[in-house]
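Good morning, and thank you for making time for this presentation. Please look at the sequence and the structure before I begin.

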Amino acid sequence: MWEYSEKVMEHYRNPHNAGVMENPSAVGETGSIACGDALKLYLKIDKNGIITDAKFQTFGCGSAVASSSILTDMVIGKTVDEAKKITNEDIVKALGGLPAEKIHCSVMGQEALEAAINNYLGIEEDHSHEKIVCRCFNVSEEKLIQQIKEHNIKTVQEATNYCKVAGSCGRCAPEVQHIIDKVNALNEAPKKPMTKTQMIVQISKVLDNYVSDELRKDGGDIELIDVEDNKVYVKLQGSCSACPSSHLTLKNFVENVLREHISKDIEVVEYKD
Amino acid sequence: MNKVIYLDNNATTKVDERIFEEMKPYFCEKYGNPSSIHAFGGEVSHAVKKARNQVKEMLGAENEREIIFTAGGSESANMAIKGVLDLNKDKKHIITSKVEHPCVLNLYKWLEKRGYRVTYLGVNSEGELDLNELRESVTEDTALVSVMYANNETGVIFPIEQMGEIIKSKNKNTKFFVDAVQAAGKIPINVSDMQIDMLGISGHKLHAPKGVGALYIKKGIMLTPLVIGGHQEFGKRAGTENVTSIVGLGVAADLAVDALKEENTTVRALRDKLEKGLLERIYNARVNGGKANRVPNTSNISFEYIEGELILLHLSDIGICASSGSACTSGSLEPSHVLKAMGIPFTSMHGSVRWSLSRFTTEEEIDYVLEHVPNIIINKINKLSPYQQQLEDLKRQKNMK
């Protein structure tokens with residue numbers, strides 16, 4: 001059972017402004033039925049740029065309906081310029097909070113509003129050139145980076161909560177982490193050389209996120225044994241340990257991944273009992 | 001909340017008052033330890049023995065020593081699977097299905113990380129297995145086949161007897177574990193008639209309390225215990241017995257055997273009435289797994305173009321308890337893995353509702369559901385959907401029929 005606020009319950013029980021609008025000035029759509037939630041927002045805007053009416057239709061859970069419903073309350077009476085400034089955090093606040101896993105419902109509200117305003121201003125949204133990171137939920141790299149920056153996202157789980165990225169099959173999780181790390185690295189001061197402990201922690205993380213899953217597909221795995229300066233001692237497990245091409249796996253795959261993520265001086269050495 | 005219409009019996013069940021009565025003395029009066037030498041403990045030991053026999057009878061086992069009490073379905077599955085693999089270390093292949101309960105699927109993910117190769121058998125659009133795929137999958141290296149008897153989401157029953165024959169004919173050393181958590185008490189089970197090596201059940205799905213279950217281990221099947229310590233449960237599961245709950249499970253097994261006929265007639269009739277009634281009244285409703293052989297108490301219905309959590313919240317507001325395979329209810333973003341494996345179209349994947357009845361469900365309750373739910377779906381939730389055109393089309397198709 002979700003811990004929904006009174007406000008959320010009030011809005012999914014009796015949503016405000018639900019339904020279709022005849023002759024809207026603008027329509028904004030986001031999400032899809034395949035992804036599990038979708039929102040269509042209609043706006044009526046007068047000649048002074050004031051939003052005089054709003055309606056919505058939502059396919060989604062209680063918090064998705066509540067986010068849409070309260071959003072229509074929030075925009076009615078505002079000018080387009082004022083409405084533009086509404087963020088997903090404003091929606092969450094107006095609802096008296098949302099469970100972390102449901103934050104994406106408020107993000108969907110903000111996106112539909114953005115799409116509607118762009119529709120009103122005649123701005124064509126062209127997403128065709130964007131690189132898709134998450135195929136399950138159709139999340140582009142651009143959108144992900146925007147979410148990371150706006151919400152100071154540090155982990156894949158947080159990113160999932162905001163935009164559902166990596167929330168289904170999880171195949172893109174390593175890439176999402178990589179993008180998060182990249183975006184955050186740009187904001188951080190240059191690093192001091194790592195201590196041995198930091199190095200071990202970092203290497204384990206990279207092995208977990210980028211290497212293990214690949215090896216498991218072939219019935220193997222990898223274990224970190226020791227780190228000395230730039231030498232990383234590892235042991236291959238399962239079918240990898242008996243694989244004749246294990247040397248190639250270590251040099252061409254594991255070493256390259258570690259060099260890319262940690263330091264270009266890393267050398268991977270197979271540990272023998 | 002005043003009124004409660006409990007149609008979520010595959011999640012858990014009410015403890016039968018008769019079972020509770022039988023359990024009561026073992027809290028404050030007969031609280032001895034079954035392992036004690038004195039007569040005070042001995043009486044309790046007899047109660048555990050009686051319960052063991054009751055469970056033995058329900059499962060059709062040959063010997064009471066084949067029944068081990070555990071803390072529930074998950075423990076039974078863990079004990080069977082890990083226990084067998086530990087004694088067959090040279091074999092690294094396991095077969096299961098794509099629609100297993102998460103407790104088993106997550107255990108397999110864990111095993112995959114430890115070098116095991118797992119074959120996940122697929123199902124057709126009705127949730128049924130392809131036995132040829134099973135036949136082709138069993139090899140010399142297959143340590144274990146583990147499947148559920150009946151599916152918790154759809155109620156679809158797997159052909160356990162045939163599966164046992166296929167497995168053993170391909171490799172007599174391959175062990176067969178059956179997760180019967182959703183079958184026990186709903187359909188007759190007879191382990192001796194089938195080539196089952198181990199079978200797990202859970203108390204709280206058949207009107208016994210939560211936190212107790214049992215594992216049938218066929219005589220001669222060896223496995224490493226999960227909980228190591230004292231000599232309890234013939235050395236297979238250490239720890240002082242959960243006497244009160246074990247007594248409860250025993251009585252539950254007894255009552256379940258008696259109620260099997262009722263389950264197959266009264267409960268089935270109510271389930272069918274509910275299913276038929278909802279389908280007749282709601283144009284965007286469709287049954288998942290309806291053509292397959294199902295346990296009598298379960299119905300899984302998808303409402304197209306609307307979302308399951310929203311349905312459950314509205315049902316809950318009028319006192320109806322059900323559950324959904326929708327992504328939003330679980331906290332994950334993934335809809336039900338069972339419906340996905342069945343290839344249910346995405347238009348109805350997110351709007352599934354599982355109704356699971358019990359022998360305590362009354363006709364008045366089903367009538368209440370049929371009186372109120374169609375109105376909520378059609379006049380409230382459907383109206384919110386952005387897919388009005390598609391809903392109109394469904395309505396028209398329905399009227400044409």
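I shall speak about the interface of two chains, then about helix packing within one of them.

A word of caution comes first: this is a predicted model.

Let me begin with the interface. On the side of chain B, 27 residues are in contact with 35 residues of chain A. Between them, chain B and chain A bury an area of about 2500 Å². Carbon and sulfur atoms give 63% of that area. Which three residues supply more than any others of the area that chain B buries against chain A? They are B:Leu333, B:Leu384 and B:Pro386, and their share is 26%.

I turn now to charged pairs. Over all chains, the search of the whole structure returns 29 salt bridges. One salt bridge joins the side chains of A:Arg13 and B:Asp317, with a distance of 2.7 Å from N to O. A:Arg13 belongs to helix H1 of chain A, residues 6-13, whereas B:Asp317 belongs to helix H9 of chain B, residues 308-317, so this pair joins two chains. Across the interface of chain B and chain A, the rule finds 2 salt bridges.

The second part concerns helix H6 of chain A, which spans residues 141-151. What is the angle at which H6(A) crosses helix H8 of chain A, residues 173-187? The axes come within 10 Å and cross at roughly 50°. An angle of roughly 50° falls in none of the parallel, antiparallel or perpendicular ranges, the last of which runs from 65 to 115 degrees, and therefore H6(A) is oblique to H8(A). The crossing of these two helices, H6(A) and H8(A), is right-handed.

From H6(A), the contact draws on A:Glu141, A:Leu144, A:Ile145, A:Ile148 and A:Lys149. From H8(A), the residues include A:Val176, A:Ile179, A:Ile180 and A:Val183. By class, the contact of H6(A) with H8(A) comprises 7 nonpolar, 1 polar and 3 charged residues.

H6(A) also packs against helix H7 of chain A, residues 156-163. Here the axes are 10 Å apart and the angle is about 105°. H6(A) and H7(A) are therefore roughly perpendicular to each other. In this contact A:Lys143, A:Leu144, A:Gln147 and A:His151 of H6(A) meet A:Ala159, A:Tyr162 and A:Cys163 of H7(A). The residues of the contact of H6(A) with H7(A) divide into 4 nonpolar, 2 polar and 1 charged. A:Leu144 is thus named in the contact with H8(A) and in the contact with H7(A).

Thank you for your attention.

How values were computed
Residues numbered from 1 in each chain as written. Chains lettered and ligands numbered in written order. Predicted model: local features only at pLDDT ≥ 70, side-chain atom pairs only at ≥ 80, totals over all residues. Heavy atoms only, no water. Axes fitted to C-alpha atoms, helices over the stretch in contact; angles between N-to-C directions. Helix = DSSP H or I, 4+ residues; strand = E, 2+ residues; numbered from the N terminus. Parallel < 35°, antiparallel > 145°, perpendicular 65-115°, else oblique. Left-handed = near helix turned anticlockwise from the far one by under 90°. Contact = heavy atoms within 4.5 Å. Nonpolar A, V, L, I, M, F, W, Y, C, P; charged D, E, K, R; others polar. Buried area = accessible area lost by both parts, 1.4 Å probe. Salt bridge = Lys/Arg side-chain N within 4 Å of Asp/Glu carboxyl O.
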